[in-house]
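Have the model open in your viewer and a selection tool ready. We will take it in a few stops.

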Amino acid sequence: MGILDFLRAKPQHSANIARERLRIIVAQERSTRGGPDYLPLLRSELLEVICKYVHVESDAVQINVESDHGQELLELSVTLPDPTEAKAHSGT
Amino acid sequence: MAEIIVVTSGKGGVGKTTTSASLATGLAQAGKKVAVIDFDVGLRNLDLIMGCERRVVYDFVNVINGEASLKQALIKDKRLENLYVLAASQTRDKDALTQEGVEKVLEDLAADGFDYIVCDSPAGIEKGAHLAMYLADHAVVVVNPEVSSVRDSDRILGLLSSKTRRAERGDDAVRQHLLLTRYNPVRVAAGEMLSVTDVEEILGIPVVGVIPESEQVLAASNAGVPVILNAEAHAGHAYIDAVARLLGEERAMRFLDAPKKGLLKRMFGG
């Protein structure tokens, strides 16, 4: 850190942003990997419907297909927002 | 038994051919008999990086179609006794490569006493890339510390665990290794570039080498001499380390830290 550095605008560490974005997208793509082709579309349509009722983040819906003893199991998980935050949100 | 190594990435321009050339050269320096094959039909470039572009008479597709023997098509490296290049065809379209044809050529190379066959994959996830990885025992996934390259590499890792002969037969999985290129420790220290640890954590496979960003890499390709042969270049040393690790040796990573700045630079930045 040089003594003249304070003259410059403090840059946001873009590597951290890149890391977080990649973590999310890679996890999402891995969860649908090898599954049926309709999974990403199903996921985005479900997200649309949920957003009509609850305000959730775009990565709130996770879909996973697992096969267990010859049975295919479609696992769906939706992370709902923190109720206190949601209240603050609806208040604005 | 020949070991088959695919050098792949998904994304173009990350350093696959540079890496193929240096790994093949390094393995040959270690005394192995090595063939390096360009799978990028229509966009041949390995010959240029290896510096043998004017000696290409027959190519990979000629061998597959029976128009030339392997012996005629293999170009012997001028620097190393036991290193051979098989060029891609420049004129045929991508359908010229067939799975049976590729399998036959690799089997013949193995029968010929080759220890290592390095397959330089084309970019993308089309047929050429599939064929380059199909028979692999090892995969070196070349990645730049940059978002699109990391994501594409993950896509390739998915294909390696489902679309290879090992995956189809249920044999032991293809051994996957990450190789970071264009690594700039100064920018990593400044928080402007993903670090080795970041990339390793996101993709979840071990790193076999980190090649620092260096003008020596361009100089090497300009000259047609694989950068691993440049004893002065850090990039060359980093490839030597990567080859040693591929051969099972444990070596600490080098060139990961930013050089210490002088007093003036520390005071005035830059």
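Before the first stop, a definition: helices and strands here are DSSP runs, with at least four residues for a helix (H or I) and at least two for a strand (E), numbered from the N terminus. Keep in mind that this is a predicted model.

Start with the second largest pocket, whose volume is about 550 Å³. Select Val14(B), Gly15(B), Lys16(B), Thr18(B) and Arg182(B): of the 33 lining residues, these are the closest to the pocket's centre. Next, colour α1, α2 (46-50), β7, β8 and α11 (215-223) of chain B, the elements that each give two or more residues to the lining. Which of them gives the most? That is α1(B), with 5 residues. If you colour the lining by class, you should find 15 nonpolar, 12 polar and 6 charged residues.

Now stay with helix α1 (residues 16-29) of chain B and bring up the strands beneath your selection. This helix lies across β1 (3-8), β2 (34-38), β4 (83-86), β5 (116-120), β6 (138-143) and β7 of chain B, and runs at about 170° to β5(B).

Show the whole sheet next. It is open, has 8 strands with mixed pairing, and follows the order β3-β4-β2-β5-β1-β6-β7-β8 in chain B. At its edges are β3 (75-76) and β8 (207-212) of chain B, each pairing on one side only.

Finish at the β8 edge. Strand β7 (residues 175-183) of chain B pairs with β8(B) in the parallel sense over 4 bridges, and Leu180(B) stands opposite Val210(B) of β8(B). Add helix α10 (residues 196-203) of chain B, which lies across β6, β7 and β8 of that chain at about 150° to β7(B).

Key
Residues numbered from 1 in each chain as written. Chains lettered and ligands numbered in written order. Predicted model: local features only at pLDDT ≥ 70, side-chain atom pairs only at ≥ 80, totals over all residues. Heavy atoms only, no water. Pairing = 2+ DSSP bridges. Contact = heavy atoms within 4.5 Å. Axes fitted to C-alpha atoms, helices over the stretch in contact; angles between N-to-C directions. 1 Å grid on protein atoms, 1.4 Å probe; cavity = no way out; pocket = protein on both sides within 12 Å on 5 of 7 lines; lining within 4 Å. Points joined across faces, edges and corners; volume = space filled by probe spheres on them. Nonpolar A, V, L, I, M, F, W, Y, C, P; charged D, E, K, R; others polar.
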